[in-house]
Amino acid sequence: MSPPEGFSSLLGKAPSLPPDAIFAPTTNYLAGPHPQKILLGRRGQAMGPTIREASSGSGSLFMVCNVLVTTLSWLSHRLQFETMGYPVVEIPYYKNKRFNFVGYLEALESARPGSVVILHACAQNPTGCDPTMEQWKEIGATIKSRNLFSIFNAAYLGFNSGDVDKDAWAIRYFASELHLKIGLARSFAKNIGLSAYGAKLVSTVLGTPELKSQIFFVRQKLFGKLTKLQTPGDWSHAIARTGIFSYIRLTPTQA
């Protein structure tokens with residue numbers, strides 16, 4: 001897939017980094033002469049002009065600058081960028097117990113061209129809120145018109161709908177429909193995607209109804225307890241979220 005005519009790659013001046021010691025097992029595997037050697041992982045495949053490996057999802061985020069990070073987000077994201085000397089700008093994401101789409105879009109519309117936007121692909125944001133398909137389309141159009149660069153942090157594909165392909169819709173829409181060059185910080189650690197025993201574990205979980213419904217059961221139990229204790233406020237959002245995260249925001253007194 002070729003980028004649109006006149007598109008100037010934001011990765012054109014990305015420096016090459018020295019090999020990371022964390023990938024020594026892969027290096028040793030490639031150098032090993034044994035004909036029956038096995039690599040319990042996957043080599044990076046060329047998908048455009050530049051591919052760089054990094055450790056898991058968060059580690060992949062080290063390779064950017066001028067970053068827009070949502071609030072709320074994971075503290076490690078902001079700390080990583082600031083530690084490396086990258087300027088971080090917080091943009092709104094959560095308001096009145098739901099995704100603050102209007103505030104979020106306004107922040108993107110006022111962002112400086114060339115800025116990098118960290119996007120939570122699916123079931124990734126700690127609030128438990130994801131944009132709808134139509135909202136993703138508007139977000140993508142704004143990012144394209146403002147000439148921003150998107151980096152999708154995707155560690156929980158499959159945790160929302162149970163279908164990895166369905167949960168990856170926004171990523172593919174940006175790349176295939178909007179023809180945007182994107183960064184993808186993909187982790188296989190959370191969904192056991194590269195584990196030697198991953199298939200066996202997934203089969204056990206999905207084949208056991210009690211385990212498959214455990215996340216929803218925990219949400220229901222929490223909601224029931226808060227209601228039983230007559231905790232002030234409306235807690236219905238605790239069971240309205242998807243994925244494994246839900247932002248409850250208990251005060252010390254309520255906790």
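The legends below accompany an overview and several close-up views of a predicted model of this protein.

**Figure 1. Overview of the predicted model and its secondary structure.** The secondary structure of the protein comes to 10 helices and 7 strands, and of its 255 residues 33% are buried. When contacts between residues at least 6 apart in sequence are considered, 64% of them join residues that are at least 24 apart. The accessible surface of the protein comes to about 15700 Å², and carbon and sulfur atoms account for 58% of this area.

**Figure 2. Helix α3 and its buried and exposed residues.** Helix α3 runs over residues 75-83, and within this helix His77, Gln80 and Phe81 are buried. Seen down the axis of α3, these buried residues fall within an arc of 90°, so they line one face of the helix. The face of α3 turned away from this buried side carries Leu75, Leu79 and Thr83, which are exposed. Just after the helix comes Gly85, a residue whose phi is positive, at about 90°.

**Figure 3. Two loop residues with positive phi, Asn147 and His179.** Asn147 is a residue other than glycine, and its phi has a positive value near 55°. This residue is found in the loop between helix α5 (133-145) and strand β6 (149-154), and because its relative accessibility is 40%, Asn147 counts as partly exposed. His179, which is not a glycine either, has a positive phi of about 55°. Its place is in the loop between α7 (169-177) and β7 (182-186), and with a relative accessibility of 33% His179 likewise counts as partly exposed.

**Figure 4. The aromatic pair formed by Phe99 and Phe101.** The count of aromatic pairs in the model comes to 9. In the pair shown here, the ring centres of Phe99 and Phe101 are 6.0 Å apart and the ring planes stand at 55°, so the pair is tilted. Both Phe99 and Phe101 are buried.

**Figure 5. The aromatic pair formed by Trp136 and Phe152, with the cluster around it.** The rings of Trp136 and Phe152 have their centres 5.8 Å apart and their planes at 45°, so this pair is tilted. Because Trp136 lies in helix α5 and Phe152 in strand β6, the pair ties together parts that are 16 residues apart in sequence. Trp136 counts as buried, since its relative accessibility is 5%, and Phe152 is buried with a relative accessible area of 0%. Ring pairs link Trp136 and Phe152 with Trp169, Tyr173 and Phe174 into a cluster.

How values were computed
Residues numbered from 1 in each chain as written. Predicted model: local features only at pLDDT ≥ 70, side-chain atom pairs only at ≥ 80, totals over all residues. Heavy atoms only, no water. Buried < 20%, exposed > 50% of the residue type's maximum accessible area, 1.4 Å probe, protein only. Helix = DSSP H or I, 4+ residues; strand = E, 2+ residues; numbered from the N terminus. Arc of directions from axis to C-beta. Contact = heavy atoms within 4.5 Å. Areas by Shrake-Rupley, 256 points an atom, 1.4 Å probe, with all protein chains shown as cover. Phe/Tyr/Trp six-rings, centres within 6.5 Å; stacked < 30°, edge-to-face > 60°.
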